[in-house]
Amino acid sequence: MLAGLKRKLIMRTSKFLISTLKEDPKEAAVESHRLMMRAGMIRQVASGVYTWLPTGMKVLAKAISIVREEMNKTGALEIAMPMVQPADLWKESGRYTKYGPELCRFKDRKQNEFVLGPTHEEIITDIARREIKSIRQLPMCLYQIQNKFRDEIRPRFGVMRGREFLMKDAYSFHIDKASLDKTYQDMYDAYSRVFTRMGLTFRPVEADTGSIGGNHSHEFQALADAGEDIIAWSDGSDYAANIEMAEALAPDYARPAPTKACEKKPTPNCHTVDEAAAALNLESTRVLKSLIVHGENDENGNKTLVMLCLCGNQELNEVKSIKIKGIADPLTFATEEEINAYTGAHTGSLGPVGFKGRIIVDRTADKMADFACGANETGYHLINVNWDRDVQNYEVVDIRNVEEGDPSPDGKGRLHLRKGIEVGQVFMLGTKYSEAMHATVMDEKGNDVPMLMGCYGIGVTRAIAAVIEQYHDERGIIWPESLAPFKVAIIAIKLNKNELVKNTAEKLYEELQQKGVEVLFDDRDERPGVMFADIELMGIPHIITIGEKSLNDGMIEYKNRKTGVKESIPVGKALDIITSKFELK
C-alpha cells in the first residue's frame, strides 16, 4: 500500500521536481550537455562535477539496470570497492607516478597518501591475492557500478568528459589464456547487448590499451558527430579500429628515382609546412614534416632526441610513435631550446639531412622523391632531397594517422572515418598487475603463477550522453523506451476547470499504473504550450493529450514523440491502443 502511494506521488508533475530551462545554458557546447541541462537532468556543482536531479536519476537507474542485468547473465559477481584508495597500492603497481596529473592524490590528517580512484585495477588485484586461494576458484569475474574521479585538465561536454562519472568496471582472473579468451568474448557480447538495449548505434573497434595496459583491447564507439574519437572502418569488411590503432599500409608503388640535385633555398619567416610550401611554390605533399621528440636516455643517462618524418599533409599518430622501442614514454616533444641546442636551428627549419640523431620515417614519406625539407639552418629549406642519396641512416615505420580512402589493413576495401564517443572498452591485461602485485595461485604442478587478468569498463553516464547525441531534435530529447524517465505522459488541458477532463485523465492514469507502466501525469496549472514544451524536451516516448473539445467527441489525442505522428483515439479503447504502441521487447 505504501509503495503504491509513493509511486503515485512521484508520477505527478505537481509532486515531481520538474527543473526544465527555457534558455540554453551558455556553457553547453554539445547537444547532450545542452539538453541534459534544459531537461532538468543535471546541474553543475563544479567544473566537470554534476548533481543528478530526479529526471536524470530515473534515466540513470534504467541504464544501471540494463548493465547489471547483462553483467549478471555472464556470471560476474557484484562487489563495491572504495573510491578512496591507498597510494601504496598504486606505487606497488608502478602507476602512481606514471598515471599522470589526472590521478587525484592527497593525504589524510595522519599524512597517509591516498588517491581518488579513476579505475580499480590495484584494489581488485589486492582483493584477488587475498581471497583467491586455489585454481578451482578460477575463472572468477567481479564487477562494480561506482563513481570514478579523473582530474581532467579541461572538463567539457557535460557528463561526456566530466571529472566525476559513473562507471561499471569488471575484472576477471584466470589460470590460462583459453579461459581469459572466453571471458573476454563473453564481456564483448554482453557489451553489445547492453548498448543495443540502450538503443545506441555503435561499433566495436580495435583500440589502444592506454594507461590501463595490457596487450589487446576493443572500444565500443557510439557514432556521433560530437565524439572526440575518430574510428576507421572498412567498406569491404567488418574491420574497424580507433584511428590510434589503424595501420597505414605502405603505398604499393615504388619510390621514384632522384632527378635533380639538392639545393638550399631561403625561406624566411616560414614556420609551418604550408608556409614553406608556399614560399617554395610546392604542394604540401612534397614538403617533409620533421618533428623532434625525446628518446630514452642513453647508457650515461643523457637525454637523446629522435626525428620523426612524415609527408607534410599527414598527421603524426602519437600512440604508434610511443610504441617504437627507444622513444620516451610518455611521448614528449623537444622544446625550442633543446632543438636549437641540438641542431642549431629553430622549429620550422628542421630536416633529416645532416641530423645527427636517430631518424624514423613514415612508410608513406619513405616513397617521397625530390622533396623539400628544413635545412637545419634557421630560415632555409632544401629542395630536391632524396632518401638514401642525401639521407642514409633511417628507419621506416608506420607513424601516421590513416586517412579517408586509405586501403584497409586487412586488404579488403577502403577506410572511412567517423567520429565516435567511447562508451565502453574491454582489455586483456595479462599479468601486468598480478606480476607487479604478486597475485599468484598454485597451479596443478604446485608452482605459484601470476593470474591472467581481464578488465572491462562501461561509462554509464557517458553512454546516456551518447544516446542523447543520437536521439534528439529541435524540441528536445527523444528517448528510446529502455531509458526514458517515463514511458507515457498525460497532459490534461485545464484540469481544474473541467470535471470530465479531470476524471478521464485520472482514470487513464490509474489504469496505466495498474498495468505497471511508468506514466507522468502533468497536473500542473500551466498553459498548454508550457506543458507540451516540457514533456517533449524531457523526451517521453508516448504523449496523451486530454482536452474538453476532443472529449466531447469521445476522443483523446495520442502523439509518438519519435515520429511526431498524432492520432485521435477513442477514450474507451485508449489503454489498449496506447500499450500497443510500445516497443516490442
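**Exercise 1. Work out how helix 2 and helix 12 are oriented relative to each other in this predicted model.**

Step 1. Find the two pieces: helix 2 spans residues 31–38, and helix 12 covers residues 460–470.

Step 2. Look at their axes, which come within 8 Å and cross at roughly 100°.

Step 3. Compare that angle with the cut-off: 65 to 115 degrees counts as roughly perpendicular. Helix 2 and helix 12 are therefore roughly perpendicular to each other.

Step 4. Now see who does the touching. On the helix 2 side you'll find E31, S32, L35 and M36, and they meet I464, A465, I468 and E469 of helix 12.

**Exercise 2. Decide whether helix 2 is mostly covered or mostly open, and say what surrounds it.**

Step 1. Count the buried residues: 7 of the 8 in helix 2 are buried, so the helix is mostly covered by the rule that buried means under 20% relative accessible area.

Step 2. Name them. The buried ones are S32, H33, R34, L35, M36, M37 and R38.

Step 3. Check what these buried residues pack against. Helix 12 is one partner, and helix 14 (528–538) is another. Four strands also take part: strand 1 (42–46), strand 2 (49–52), strand 24 (472–473) and strand 25 (476–477).

Step 4. Look just past the end of the helix. Helix 2 is followed by G40, which has a positive phi near 75°.

**Exercise 3. Find the cis peptide bonds before P139 and P330, and place each proline in the chain.**

Step 1. Start with P139. The bond from L138 to P139 is cis, and its omega is near 0°.

Step 2. Place P139: it sits in the loop between helix 6 (121–131) and strand 7 (140–149).

Step 3. Go on to P330. Here the bond runs from D329 to P330, and it is cis too, with omega near 5°.

Step 4. Place P330 in the loop that links helix 9 (318–322) and helix 10 (336–343).

**Exercise 4. Describe Q111 and F157, two residues with a positive phi that aren't glycines.**

Step 1. Take Q111, with phi near 70°. Q111 lies in the loop between strand 5 (104–107) and strand 6 (113–116).

Step 2. Ask how open Q111 is. Its relative accessible area is 53%, and over 50% counts as exposed, so Q111 is exposed.

Step 3. Turn to F157, where phi is about 65°. You'll find F157 in the loop between strand 7 and strand 8 (164–174).

**Exercise 5. For L500, R418 and K177, give the home element, the exposure and the contacts beyond four places in sequence.**

Step 1. L500 belongs to helix 13 (residues 499–514). With a relative accessible area of 42%, L500 is partly exposed. L500 touches L551 and N552. For L551, the separation along the chain is 51 residues, while the C-alpha atoms are 7.8 Å apart.

Step 2. R418 is part of strand 20 (residues 415–430). Its relative accessible area of 33% makes R418 partly exposed. The contacts of R418 are L223, A224, D229, I230, I231 and W233. As for I546, that residue is 128 positions from R418 in sequence and 44 Å away in space, C-alpha to C-alpha.

Step 3. K177 is in helix 7 (residues 177–197). K177 is partly exposed, at 45% relative accessible area. M428 and L452 are the contacts of K177. Between K177 and R462 there are 31 Å from C-alpha to C-alpha and 285 residues along the chain.

**Exercise 6. Sketch the chain as a whole, from its elements to its surface and charges.**

Step 1. List the elements: the chain has 16 helices and 30 strands.

Step 2. Give the dimensions. The C-alpha atoms fill a box of roughly 95 × 70 × 50 Å along the principal axes.

Step 3. Check burial and contacts. Of the 585 residues, 53% are buried. Among contacts with a separation of 6 or more, 69% join residues 24 or more positions apart.

Step 4. Finish with the surface and the charges. About 27,100 Å² is exposed, and carbon and sulfur atoms supply 50% of that. The chain has 77 positive and 86 negative charges, whose mean positions are 5 Å apart.

Note on methods: Residues are numbered from 1 along each chain as its sequence is written. This is a predicted model: local features need pLDDT of at least 70, side-chain atom pairs count only at pLDDT 80 or more; totals for chains, interfaces and linings use all residues. Side-chain values use heavy atoms; hydrogens and water are left out. Buried means under 20% relative accessible area, exposed over 50%, partly exposed in between (1.4 Å probe, protein chains only). Contact means heavy atoms within 4.5 Å. Accessible areas come from the Shrake-Rupley method with a 1.4 Å probe; for residues, only the protein chains shown count as cover. Lys and Arg count as positive and Asp and Glu as negative; His and the chain ends are not counted. The place of a charge is taken as NZ of Lys, CZ of Arg, CG of Asp or CD of Glu. Axes are lines fitted to C-alpha atoms, for helices over the stretch in contact, and angles run from 0 to 180 degrees between N-to-C directions. Angles under 35 degrees count as roughly parallel, over 145 as roughly antiparallel, 65 to 115 as roughly perpendicular and the rest as oblique.
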